[in-house]
Amino acid sequence: MKVRTSNINYTSEDEKLISEIIITIKEILHEVKIIIPNYCPLEISHHYGLNQFNKYGCVIITIINRAYCKKIIILFPGQKNPKHMHKEKEETFHVLAGNVIITLNENAYHLNAGELITIEQEMTHSFYSKNGCVFEEISTNHNSDDSYYFDHKISKQSLLERKTLVTEWQ
């Protein structure tokens, strides 16, 4: 397993937590019968630090990112992704397993497996799952500079301060 750390110094405790997250992701994908192509990067979003990952964050696996994009997003039970928006990207979320509450412009939508919702450009959104969820994002191209968080603690961080990118994890 290779973890790109750039300017972040992970402690041995952080490395152990990253390994545990990856093991859990593999178990979830096996359970819901989703096979990920080799060499798809895995992104652990930890908006308030790795130690808060189980409460805030998600795991994103990028399958394709061209003019169009497909990602698999995994929320652990009780996990929330903070309020943000994209100025360029339009997304459609399709729930594959579990359930999720998507908040769009302050309106909450409860989605179960098989349901989908579209998030247009500049719509504020966040998502939360009480029991855990796997959904796919189908969107226009993803640009890493196109996520605008409303919490200033997050928006002040660099990309590598709030995300751990794992290039070889399968």
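**Close-up views of a predicted model**

**View 1. S139 sits in strand β10, which covers residues 133–140.** The model shown here, as in every view, is predicted. With a relative accessible area of 7%, S139 falls under the 20% limit and is therefore buried. Beyond the four places on either side in sequence, S139 touches Y68, C69, K89, E90 and E91. R66 is 73 residues away along the chain. The C-alpha atoms of S139 and R66 are 9.9 Å apart.

**View 2. L111 belongs to strand β7, residues 107–112.** Is L111 buried or exposed? L111 counts as buried, because its relative accessibility is 5% and the limit is 20%. Which residues does L111 contact beyond four places in sequence? They are V95, G98, N99, V100, I102, L116 and I117. I22 is 89 residues from L111 along the chain. The C-alpha atoms of this pair, L111 and I22, are separated by 25 Å.

**View 3. The largest nonpolar core holds 23 residues.** Those with the most contacts inside this core are I25, L42, I44, V59, I61, I74 and W169. Four elements each give two or more residues to the core: α1 (12–31), β2 (42–45), β3 (58–65) and β4 (68–75). Helix α1 gives the most, with six residues. Another core lies apart from this one and has 16 residues. C58, I60, I102 and F127 are among the residues of that other core.

**View 4. V59 is one of the residues with the most contacts inside the largest nonpolar core.** What does V59 touch, leaving out residues up to four places away in sequence? The list is I21, I25, L42, E43, I44, F53, I72, I73 and I74. I25, L42, I44 and I74 are, like V59, among the residues with the most contacts inside the core.

**View 5. The loop between α1 and β2 carries K33 and also Y39.** K33 has a phi near 60°, a positive value in a residue other than glycine. Y39 also has a positive phi, near 70°, and is likewise a residue other than glycine. Most residues other than glycine have a negative phi. Are these two loop residues, K33 and Y39, buried or exposed? K33 has 73% relative accessibility, over the 50% limit, so K33 counts as exposed. Y39 is also at 73% relative accessibility and therefore counts as exposed.

**View 6. The whole chain has three helices and twelve strands.** The C-alpha trace spans about 40 × 35 × 30 Å along its principal axes. For 170 residues, a compact globule would have a radius of gyration near 15 Å. The chain has 15 Å, so the value agrees. Of the 170 residues, 44% count as buried. Among contacts with a separation of 6 or more, 69% come from residues 24 or more positions apart. The chain exposes about 9,300 Å². Carbon and sulfur atoms supply 48% of that area. The chain carries 18 positive and 21 negative charges. The mean positions of the two sets of charges are 2 Å apart.

Note on methods
Residues are numbered from 1 along each chain as its sequence is written. This is a predicted model: local features need pLDDT of at least 70, side-chain atom pairs count only at pLDDT 80 or more; totals for chains, interfaces and linings use all residues. Side-chain values use heavy atoms; hydrogens and water are left out. The radius of gyration is taken over C-alpha atoms; the globule rule is 2.2 Å times the number of residues to the power 0.38. Buried means under 20% relative accessible area, exposed over 50%, partly exposed in between (1.4 Å probe, protein chains only). Contact means heavy atoms within 4.5 Å. Accessible areas come from the Shrake-Rupley method with a 1.4 Å probe; for residues, only the protein chains shown count as cover. Lys and Arg count as positive and Asp and Glu as negative; His and the chain ends are not counted. The place of a charge is taken as NZ of Lys, CZ of Arg, CG of Asp or CD of Glu. A nonpolar core is a set of buried Ala, Val, Leu, Ile, Met, Phe, Trp, Tyr and Cys residues joined through side-chain atoms within 4.5 Å.
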